[in-house]
Each structure stands twice: as structure tokens, then as C-alpha cells.
Amino acid sequence: MVSRKGKFITIEGLDGCGKSTQLAKLADFLRAQRMDVLVTREPGGTLIGDRIRALLLDSATSGLAPTAEMALMFAARAQHLEELILPALAQGKIVLCDRFTDSTEAYQGAGRRLGSGPVLELHRLLCGDIWPAATVLMDTDAALSVSRARRRNRGRSSVHSEEPNENRFEEESRAFFERVRAAYLEIARREPDRVIVIDARGTPDATHQAIVRALEPRLNLRAKTG
Ligand code: TMP
């Protein structure tokens, strides 16, 4: 049995909600407090996970069945837990993970309409009782987030054609992302002790402050020093 003395924190939200910026700011803040932080993401985080990510996110991947998509998300997750997350937690690290099972419940469960039941059942089978100590849900308007994400990816692919194509989900419809957002908010209602909803429509600095304030009691953070 791996001891889990570190803290597992996840960050969730729609494509283009500003998660990566906030994750980097939070990691800097925690490191400035001399905390040992590991930043990682899903799907990905390991060599095998990154290969699964490439397949899942490439818009050239066509005809992938929703159930196969869900299974691949969990395949990457199982590898990630075993190879990276659990060992880091056992070493007492704070693991900051960009997306986890809530993404599967929102995107595959609601977006692809597979339902929450199969997602939570696969989680139980493959991940046991491993859930984050806290999850930051960055809530934004679906239309705004997705148009931001699409713009970012268009810019990326025209300037750096050697970069991987990660557009497959961003090509989904507005209705798809409205379902994803509603599912996220429903998870937050179901698990208020774990999931903290942050309004992410303000400036990056305002959002960062809100995230730090929300995590303070859970991480025993010291007030910001000069
Ligand atoms: P991101 O790394 O830019 O957040 O992109 C990952 C994409 O993969 C995003 O569109 C959400 C999607 N995704 C799922 O559909 N299900 C999952 O379980 C995870 C982890 C991600």
C-alpha cells in the first residue's frame, strides 16, 4: 500500500478557460512557500500517456468510438497514477494536475453522452479510491472559452507546424461544451467539499488570488510574504 502523505490537487475547466496560466501561477506561488510541487496533466504526464494523448487530441483521428475514447482516457490515467502521481504523493509532494476524472465525467459522460455511471465505475475499477484532496473548477462561459481555444490552436498550427495537432475536441459544437459545463457544475454541487468553483472570467491575477484564497485552508498556506 502506497502511503499518500502528499496532497493531490486538480484543476478543471473548459478548453480555453485559462487553466494552464493558473496552474503555472499556483505552482510558482506554492514553490515560493518552499513547497515541493509536481505539475502534470491529463491525458499525458508520462511517455505512454503522451502517446495516448497524441492519438486522442489529433484532429486527424477520426472514427474513434466514444467508449474507446473513454477507455483511452482511463488507460493514460492508470499509467499516470502508477508511474508518476502515487510515487510523488508518497514522497510528500503537492501534485498539481491539469484535469483528472472530472474531465472524463464532463467530456465523455456528458459531452459524448455516455453518462456518469460508466465513468465512475471505470474510476473505481482502475483508480480505486484515489480522488483529489481539492479540485479547482474554473468556470467560464462556454462560447468564450472555446473561441479562445480555437484561436490559440489556429495560431499555433500556422506558426509552428511541427507542433502536435491538439484540436480534435475544440472542433466540437457549442452544445457539446454547454453539456460539459453543466456536468462540471453538477459535479461541484454533488461534491462541495472537494470541488471549489472559481469564476474565471476576471483578470488572470484576480483569478489567481481567488484560487489561493480558496486553497489556503486546505493547504495550510501562509499569508503571502513580501
Ligand atoms: P488540454 O490539455 O488543452 O486541457 O486538452 C485536453 C483535451 O482533452 C480537452 O479538450 C479535454 C479533453 N479530455 C477529455 O475529453 N477527457 C478527459 O478525461 C481528459 C483528461 C481530457
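**Figure legends: close-up views of the predicted model**

**Overall view of the fold.** The protein contains eight helices and five strands, and in this predicted model they follow one another along the sequence in the pattern β-α-β-α-α-β-α-α-β-α-α-β-α. The radius of gyration is 17 Å, which agrees with the value near 17 Å that a compact globule of 226 residues would have. Taken along the principal axes, the C-alpha atoms fill a box of roughly 50 × 40 × 35 Å. Buried residues account for 48% of the 226 residues, and of the contacts between residues at least 6 apart in sequence, 79% join residues that are at least 24 apart.

**Surface of the protein and its charges.** The protein exposes about 11,100 Å², of which carbon and sulfur atoms supply 53%. There are 34 positive and 30 negative charges, and the mean positions of these two sets lie 3 Å apart.

**The largest nonpolar core.** In soluble globular proteins, nonpolar side chains tend to be buried together. Here the largest nonpolar core has 24 residues, and the members that touch the most other members are Leu30, Ile94, Leu96 and Leu215. Two or more residues of this core come from each of the elements β1 (7-13), α1 (19-32), β3 (94-98), β4 (134-139), β5 (195-199) and α8 (204-219), with α8 giving the most, namely six residues. Another core, of 21 residues, lies apart from it and includes Leu137, Val146, Phe177 and Ala183.

**Surroundings of His80 in helix α3.** His80 is placed in helix α3, which spans residues 66-90, and it counts as buried because its relative accessible area is 0%, under the limit of 20%. When neighbours within four places in sequence are left aside, the contacts of His80 are with Thr40, Arg41, Glu42, Gly44, Gly45, Thr46, Ile85 and Cys97. Ser103 is 23 residues away from His80 along the chain, and the C-alpha atoms of the two residues are separated by 15 Å.

**Surroundings of Arg77 in helix α3.** Arg77 also has its place in helix α3, and with a relative accessible area of 2% this residue is buried. Leaving aside neighbours within four places in sequence, Arg77 is in contact with Glu42, Phe100, Thr101, Thr104 and Cys127. Glu42 thus appears among the contacts of Arg77 and among those of His80.

**The cis peptide bond between Glu42 and Pro43.** Glu42 and Pro43 are joined by a cis peptide bond, for which omega is about -10°. Pro43 is found in the loop that lies between β2 (37-41) and α2 (47-57).

**Two loop residues with positive phi.** Arg34, in the loop between α1 and β2, has a phi near 60°, a positive value in a residue other than glycine. Arg99, in the loop between β3 and α4 (101-111), likewise has a positive phi, of about 75°, although it is not a glycine. Arg34 is exposed, with a relative accessible area of 77%, whereas Arg99 is buried, with a relative accessible area of 12%.

**Thr21 in helix α1.** Thr21 lies in helix α1 and, at 39% relative accessibility, counts as partly exposed, because this value falls between the limits of 20% for buried and 50% for exposed. Thr21 and Leu215 are 194 residues apart in sequence, and their C-alpha atoms are 17 Å apart in space.

Technical notes. Residues numbered from 1 in each chain as written. Predicted model: local features only at pLDDT ≥ 70, side-chain atom pairs only at ≥ 80, totals over all residues. Heavy atoms only, no water. Helix = DSSP H or I, 4+ residues; strand = E, 2+ residues; numbered from the N terminus. Rg over C-alpha atoms; globule rule 2.2 N^0.38 Å. Buried < 20%, exposed > 50% of the residue type's maximum accessible area, 1.4 Å probe, protein only. Contact = heavy atoms within 4.5 Å. Areas by Shrake-Rupley, 256 points an atom, 1.4 Å probe, with all protein chains shown as cover. Lys, Arg positive; Asp, Glu negative; His and termini not counted. Charge placed at Lys NZ, Arg CZ, Asp CG, Glu CD. Core = buried A, V, L, I, M, F, W, Y, C linked by side-chain atoms within 4.5 Å.
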